[in-house]
Amino acid sequence: PCWPWCWMSPLGVEIRAVCDGDIDALLADIRAPDLAEAEALFGPGKIRGALTESLANSAMAWTGECSDGLAWIFGVAPAQGLMGDIGLPWMVGTRLVDRERRALTRLTPAYIARMLAAFPTLTNIVDARNTKSIRWLRHVGFELMPAAPMGVAGQPFHLFVMRA
């Protein structure tokens, strides 16, 4: 394992730095709604490049892993250069996210607080078909805007926003 640091929650999920091989592990078991969202936004077969770019541009990124595999990778990238006030939070999960949703919901506020400390406004988009992600975003405090067509497929996406 690679860790500048890691933390095992009492809920059995380790939050650690993203390591080589994490994207491969994620893509081997990606949640169907997350794959559909990426394909609608970037096009079929483009998710690996989008994840690699998201990680490369992120100011912060972590992996959530449980005893039987990688559950999610998440982070935040600056919207405008490294000194911007707007951060673009992102997360892609495996099928283990649904099983570990309790841990995700409990761990999220601390990481959102870290993101808001660096970027007073957090915003991104979510596929309108991704109902579980929409419910989770609302639960953790994001405001969702009406859906509008976006991406290469022109699917409806909601803009979501949170301010410090």
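Contact here means heavy atoms within 4.5 Å. With that in hand, a convenient way into this predicted model is through the overall fold, followed by two helices and then a handful of individual residues.

The secondary structure of the protein consists of six helices and nine strands. The radius of gyration is 15 Å, close to the 15 Å that the globule rule gives for 164 residues, so the protein is as compact as a globular protein of that length. Measured out along the principal axes, the C-alpha trace spans about 40 × 35 × 30 Å. Of the 164 residues, 45% count as buried. The accessible surface comes to about 8,500 Å², and carbon and sulfur atoms hold 58% of that surface. Contacts that reach along the chain are also worth a look: among those between residues at least 6 apart in sequence, 63% join residues at least 24 apart. As for charge, the protein has 15 positive and 16 negative charges, and their mean positions are 7 Å apart.

Helix α3, which runs over residues 47-57, offers a good first stop. Its buried residues are Ile-47, Ala-50 and Leu-51. Around the helix axis these residues cover an arc of only 95°, which puts them on the same side of α3. Glu-53 and Ala-56, on the other side of α3, are exposed. The cover over the buried residues of α3 includes helix α1 (22-28), helix α2 and strand β5 (86-93).

Strand β5, part of that cover, is also home to Gly-87. Gly-87 has a relative accessible area of 0% and is buried. Leaving out residues up to four places away in sequence, Gly-87 touches Val-76, Ala-77, Phe-119, Thr-121, Leu-122 and Thr-123. For one of these partners, Thr-123, the C-alpha atom is separated from that of Gly-87 by 6.4 Å, although the two residues are 36 apart along the chain.

Helix α6, at residues 131-139, can be read in a similar way. Ser-133, Ile-134 and Leu-137 are its buried residues. Seen down the axis of α6, they fall within an arc of 100°, so they line one face of the helix. The face turned away from this buried side carries the exposed residues Arg-135 and His-139. Among the elements covering the buried residues of α6 are α2 (32-42), β6 (121-127), β7 (143-144) and β9 (155-163). Helix α2 thus appears in the cover of α6 and also in that of α3. Just after α6, Gly-141 takes a positive phi of about 110°.

Asp-127 adds detail to the surroundings of α6. This residue has its place in strand β6, and a relative accessibility of 2% makes Asp-127 count as buried. Setting aside neighbours within four places in sequence, Asp-127 is in contact with Ala-36, Glu-37, Ala-40, Ile-134, Pro-156 and Phe-157. One of these partners, Ile-134, is among the buried residues of α6.

Strand β9 can be followed further through Arg-163, which lies in that strand. Arg-163 is exposed, with a relative accessible area of 57%. Not counting residues up to four places away in sequence, Arg-163 touches Leu-116, Pro-120 and Thr-121. Thr-121 is also a partner of Gly-87. Between Arg-163 and Thr-108, 55 residues apart in sequence, the C-alpha to C-alpha separation is 15 Å.

Two loop residues complete the tour. Ala-153 lies in the loop between β8 (148-150) and β9, and with a relative accessibility of 47% it counts as partly exposed. Ten residues separate Ala-153 from Glu-143 along the chain, and their C-alpha atoms are separated by 24 Å. Ser-67 has its place in the loop between β3 (60-66) and β4 (69-78). The relative accessible area of Ser-67 is 79%, and the residue is exposed. Ser-67 and Leu-104 are 37 residues apart in sequence, with 15 Å between their C-alpha atoms.

Definitions and conventions: Residues numbered from 1 in each chain as written. Predicted model: local features only at pLDDT ≥ 70, side-chain atom pairs only at ≥ 80, totals over all residues. Heavy atoms only, no water. Helix = DSSP H or I, 4+ residues; strand = E, 2+ residues; numbered from the N terminus. Rg over C-alpha atoms; globule rule 2.2 N^0.38 Å. Buried < 20%, exposed > 50% of the residue type's maximum accessible area, 1.4 Å probe, protein only. Areas by Shrake-Rupley, 256 points an atom, 1.4 Å probe, with all protein chains shown as cover. Lys, Arg positive; Asp, Glu negative; His and termini not counted. Charge placed at Lys NZ, Arg CZ, Asp CG, Glu CD. Arc of directions from axis to C-beta.
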